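Please read the following report alongside the sequence and the coordinates. It treats confidence, sheets, helices and cores in turn.

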Amino acid sequence: MRILLVEDNEDLGEAIERRLRDAGHSVEWLRNGDDAIEVAASETFDVVALDLTLPGRDGISILGELRGRKSETPVLVMTARAEIDDKVSLLDRGADDYLVKPFDLRELEARLRVLMRRPAGQVTSLATVGDVTVDLANGFVSVGGRKVELGRREFRLLEILLARVGQVVAKERLMAQLFNFDEDVSVNALELQVSRLRRKLEGSRLEIETVRGVGYLARAAGGDGK
C-alpha cells in the first residue's frame, strides 16, 4: 500500500513507519496538519492513518476537508478518545475505521489492509484468478493447490495486479506502491520484480501481460476475467 501517515508523536510515528515499511508498504509520514492537507490534495494514497491532535489543522478538520472534496480514500483515525459518542462522531464525519491509543501495531497494519481492499468491494481475504489463489491476510499463494513462495515485493505486486484484474495498472502507480519514497529506483527495478513473479507463476493460468509504454495487466489465460 501507499500510506499517508499523519502523526506528530515522534516515537509513535517512527514505530508505525518502521513497521509498515518493514511489511513492504510505501509510507509518507507527516507531522503537521497543514502539510497533510496539501499533500493529500496533490498525491494519491491507498489509505490515510490520521491522528486527531496535530500542529496546524487538527485531524477532524482534515477529515472534513477530505470528505468535502469527495475524496474516497479510506481514513483510519488514531485517537485517545475511547468514549462511544466520540467513536460514533468520527464515523459520522467520514472516518472508515478508528483505533484507540495505545494499540498494537499488528492490529493497525491489519486494519489498514482491510480498508485498502474495501473500495474494490472485496469482502474476503482470498483472491482467485485462474488457478492462482492468494490469501491476502496471511501472505499465502498457491497455484492449483501447490504453495508458491514469493518475496515481499513479489507478493505485493501480485496483490496490486489482482485487485484490478483485466485492467492496466500504470508503471508509475506500481512503482509508487512497491518502493518507498526515499528509495532511488528506476523502472528496471519494477521490471525485475515482474520478471521474478512471472517465473514463479510459470505454468499457471494467470497471465501478466505487458502493455507497452503503459504498464501491466493480470488476467486468467484465455480471457480477462476470473
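The text below starts with the reliability of the model and then moves to its strands, helices and buried cores.

**Confidence.** The structure is a predicted model, and the mean pLDDT of the protein chain is 85, with 87% of its residues reaching 70 or more. Among the elements, confidence is lowest in helix H4 (residues 84-92), where the mean is 70, and highest in S11, where it is 95. Over residues 119-123 pLDDT stays under 50, and for this stretch the model has four contacts beyond four places in sequence.

**The open sheet.** Five strands form an open sheet in the order S2-S1-S3-S4-S5, and their pairing is parallel. Because S2 and S5 stand at the edges with a single partner strand each, one side of each has no neighbour in the sheet. Direction ignored, neighbouring strands of this sheet are turned by 15° against each other on average. Along strand S5 (residues 97-100) the side chains alternate, so that Asp 97 and Leu 99 point to one face and are buried, while Tyr 98 and Val 100 point to the other and are not. In a regular strand, side chains alternate between the two faces of the sheet.

**Strand pairs.** The table lists pairs from this sheet and from the region of S12.

| Strand pair | Sense | Bridges |
|---|---|---|
| S1 and S2 | parallel | five |
| S4 and S5 | parallel | four |
| S10 and S12 | antiparallel | three |
| S11 and S12 | antiparallel | six |

Individual positions can be placed within these pairs: Ile 3 stands opposite Val 27 in S2, and Thr 79 has Val 100 in S5 as its bridge partner. Val 168 stands opposite Leu 217 in S12, whereas the bridge partner of Thr 210 in S12 is Tyr 216. S11 and S12 form a hairpin with three residues between them, and Gly 213 in the turn has a positive phi of about 80°. Five of the six residues of S12 are buried, so this strand is largely enclosed by the rest of the structure.

**Helix H2.** At the start of H2, a side-chain oxygen of Asn 32 reaches to within 2.7 Å of the backbone nitrogen of Asp 34. The buried residues of H2 (residues 33-42) are Gly 33, Ala 36, Ile 37 and Val 39, and what covers them includes strand S1 (2-6), strand S2 (26-30) and helix H3 (59-68).

**The cores.** The largest nonpolar core has 29 residues, and those with the most contacts inside it are Val 141, Leu 158, Leu 161, Leu 162, Leu 174 and Leu 206. Elements that give two or more residues to this core include helix H6 (152-162), helix H7 (171-178), helix H8 (187-200), strand S11 (206-211) and strand S12 (215-220). The largest share, six residues, comes from H6. This helix is mostly covered, with 10 of its 11 residues buried; among the buried residues of H6 are not just Phe 155 and Leu 158 but also Arg 153, Glu 154, Arg 156 and Glu 159. Leu 206, leaving aside residues up to four places away in sequence, touches Val 129, Asp 131, Val 132, Leu 158, Leu 162, Leu 201, Ala 218 and Arg 219. Apart from the largest core lies another, of 19 residues, among them Leu 4, Leu 50, Leu 54 and Ile 62. In soluble globular proteins, nonpolar side chains tend to be buried together.

Notes
Residues are numbered from 1 along each chain as its sequence is written. Side-chain values use heavy atoms; hydrogens and water are left out. A nonpolar core is a set of buried Ala, Val, Leu, Ile, Met, Phe, Trp, Tyr and Cys residues joined through side-chain atoms within 4.5 Å. Buried means under 20% relative accessible area, exposed over 50%, partly exposed in between (1.4 Å probe, protein chains only). Contact means heavy atoms within 4.5 Å. A polar contact is a pair of N or O atoms within 3.5 Å; within protein, one must be able to donate a hydrogen and the other to accept it, and residues adjacent in sequence count only if both atoms are side-chain atoms. pLDDT is the predictor's confidence in each residue, from 0 to 100. Two strands pair if DSSP finds at least two bridges between them. Axes are lines fitted to C-alpha atoms, for helices over the stretch in contact, and angles run from 0 to 180 degrees between N-to-C directions.
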